[in-house]
2 protein chains.
Amino acid sequence: MSQNLRAALDARKVILLVGSCSVRYEGRASSVLGLGERMIIIKRDRSVLVHRPEGYEPVNWQPPNSHIDVQETGEGLAVIATRGSEMLEIRFNGIPQIHSFTLVDDARFEMYATESEMKTAVMLAPDLIEEGFQPLADERAVFRTGRLDIFGRDKNGRLVVVELKKRQATREDILQLQRYVESLGRELGGGPRAIIAAPSISRRAAAACSQSGVEFKCLTPRMCTEVLRKKIRGLDPFLT
Amino acid sequence: MSQNLRAALDARKVILLVGSCSVRYEGRASSVLGLGERMIIIKRDRSVLVHRPEGYEPVNWQPPNSHIDVQETGEGLAVIATRGSEMLEIRFNGIPQIHSFTLVDDARFEMYATESEMKTAVMLAPDLIEEGFQPLADERAVFRTGRLDIFGRDKNGRLVVVELKKRQATREDILQLQRYVESLGRELGGGPRAIIAAPSISRRAAAACSQSGVEFKCLTPRMCTEVLRKKIRGLDPFLT
DNA sequence: ACTTTTATTTCGCCG
DNA sequence: CGGCGAAGTAAAAGT
């Protein structure tokens, strides 16, 4: 009966075992869990998760690249996952349900704070851009729309245009900002400072900066999220 | 087709969905995950886990007590789990496999101390080793590293080296300790006592003890946990 | 209820 | 490869 399981393991499938089992762990700590019905997941990379019917976290687990041994004892199936000096032992009371899946998942996972959130953060904590920076209005209609930027004055009273990017700033970003600032300069007469705030900047974008006078300020989504967590403590959910 | 799922939710079953889906999260941060095949677990307590075919951690999740909404769109099934201001959206490409389980699990999970905790317990209650034992320093760099042991003096002022094991002491443990104490004796000139503290000792390890003069002291992780529970009541978290 | 600390943390980055 | 810090940390323990 354990052939199914071994075959699925060999085939690098994702495996789900459901049944009554007891669990023991020895390693950085030790733990014991008596009989009960649980879901056990064995992934392609040989990570093992033991999930009880409640709770976000697995009650026991083994990280990827563990060695998985399947035994058929008198009492039923046993799965032992060892990894270095750590051992996870799952003893089923009988034969569990065995499901296996061939999952194809090549998608990229992308995580970010939204640009909108970054803007909110800068409005709440302008020093994220530079000390003494004071936002004036958070938007302004120019020729091109769809931009998310901030107008303000620096500590010397000079006009500043800030453009936010949640990803690495590209040369194209710099050129766009430069064109924008130029048209703004023609309109207003003064030459405002231009700052691109992004988590990083590409080599060529940096070169474009030094040519055009655009300044780069490192600002990560994480920094913004941090500020938001601190500032939005009991108020201002109406800023968005 | 979504009736199955709704019924399982109402029946407070543990649910597994397997299929091709895209995932979006909005909350403390934002994330996007394109189409791919995943396992989604919805537990009795309305916690939600999205697991890719590899990796220990869920790529996305929602903690317990989230509100779960099931929609049947033109493209397929969608599950939206909201919790406070956080939202997790799982859009299936078609109808996923729907498995549901009624799991009964009333067992108690018990975790025993790590060796590090055992050390803390002995530092707090040296009598666990023997009456009158007084720890001096809790570590000492010798040739081999990675050891967790304790130096001290017994009630007669004689130097004592204590090695802790959370499992049955093996012959190898005794030999190691013996070698260690010998090198220490050469370094310091005096012959310190050597104590191995473990929950039990193997037959051959006991023999090695009587040959080498290493002493065995029964000390279980549970005894240490007990001491820690009693002693660490309002102080001394700075011992580690 | 809120704050602080822990974790078999895991995971990523950087030297 | 080891140390250091962040996490949508979650969960437990203390206040």
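Is Arg52(A) buried or exposed, judged by its relative accessibility? Arg52(A) counts as buried, because its relative accessibility is 17%, where buried means under 20% relative accessible area, exposed over 50% and partly exposed in between, using a 1.4 Å probe and protein chains only. The legends below start with some background and then return to this residue.

**Reading the views.** This is a predicted model, in which local features need pLDDT of at least 70, side-chain atom pairs count only at pLDDT 80 or more, and totals for chains, interfaces and linings use all residues. Residues are numbered from 1 along each chain as its sequence is written, chains are lettered from A and ligands numbered from 1 in the order in which they are written, and side-chain values use heavy atoms, with hydrogens and water left out.

**View 1. Chain A and its confidence.** Chain A has five helices and 14 strands; helices (H or I, at least four residues) and strands (E, at least two) are DSSP runs, numbered from the N terminus. Buried residues make up 49% of the 240 residues in this chain. A contact means heavy atoms within 4.5 Å, and among the contacts in chain A with a separation of 6 or more, 51% join residues 24 or more positions apart. The mean pLDDT of chain A is 86, with 89% of its residues at 70 or more; pLDDT is the predictor's confidence in each residue, from 0 to 100. Over residues 141-146 of chain A the pLDDT is below 50, and this stretch has five contacts beyond near neighbours in sequence. Residues 233-240 of chain A also stay under 50, with four contacts beyond four places in sequence. Where pLDDT is low, the predicted coordinates should not be read in detail.

**View 2. Arg52(A) and its partners in chain B.** Here is the residue from the opening question. Arg52(A) sits in the loop between strand 3 (48-51) and strand 4 (60-62) of chain A. Its side chain makes a polar contact with the side chain of Asp105(B), at 2.8 Å. A polar contact is a pair of N or O atoms within 3.5 Å; within protein, one must be able to donate a hydrogen and the other to accept it, and residues adjacent in sequence count only if both atoms are side-chain atoms. A polar atom of the Arg52(A) side chain also lies 2.5 Å from the backbone oxygen of Ala107(B). Leaving aside neighbours within four places in sequence, the contacts of Arg52(A) include Leu33(A), Val59(A), Lys43(B) and Phe109(B).

**View 3. The surroundings of DNA strand C.** Residues around this strand include Tyr25(A), Asn60(A), Trp61(A), Tyr56(B) and Met111(B); a residue is near a molecule or strand if one of its heavy atoms lies within 4 Å of it. Sugar and phosphate account for 71% of the atoms of DNA strand C that come within 4 Å of the protein. Look at the bases too: a polar side-chain atom of Asn60(A) is 3.0 Å from a base oxygen of DNA strand C, and a polar backbone atom of Trp61(A) is 2.9 Å from a base oxygen. For Tyr25(A), an N or O atom of the side chain is 3.3 Å from a base oxygen of the strand.

**View 4. The surroundings of DNA strand D.** Of the 13 residues around this strand, Tyr56(A), Arg222(A), Arg28(B), Trp61(B) and Gln62(B) come nearest. A polar backbone atom of Tyr56(A) is 3.1 Å from a phosphate oxygen of DNA strand D. From chain B, a polar side-chain atom of Tyr25(B) lies 3.2 Å from a base nitrogen, and one of Glu86(B) lies 3.3 Å from a base nitrogen. Strand 4 of chain B gives the largest share of the surface near DNA strand D, three residues.

**View 5. Ile90(A) inside chain A.** Ile90(A) belongs to strand 7 (residues 86-92) of chain A and is buried, with a relative accessible area of 1%. Not counting residues up to four places away in sequence, Ile90(A) touches several residues, including Cys21(A), Ile40(A), Val50(A) and Leu77(A).

**View 6. Helix 3 of chain B.** Buried residues in this helix include Ile174(B), Leu177(B), Val181(B) and Leu184(B). Strand 11 (149-153) and helix 4 (203-212) of chain B are among the elements that cover the buried residues of helix 3. Just after the helix, Gly189(B) takes a positive phi of about 90 degrees.
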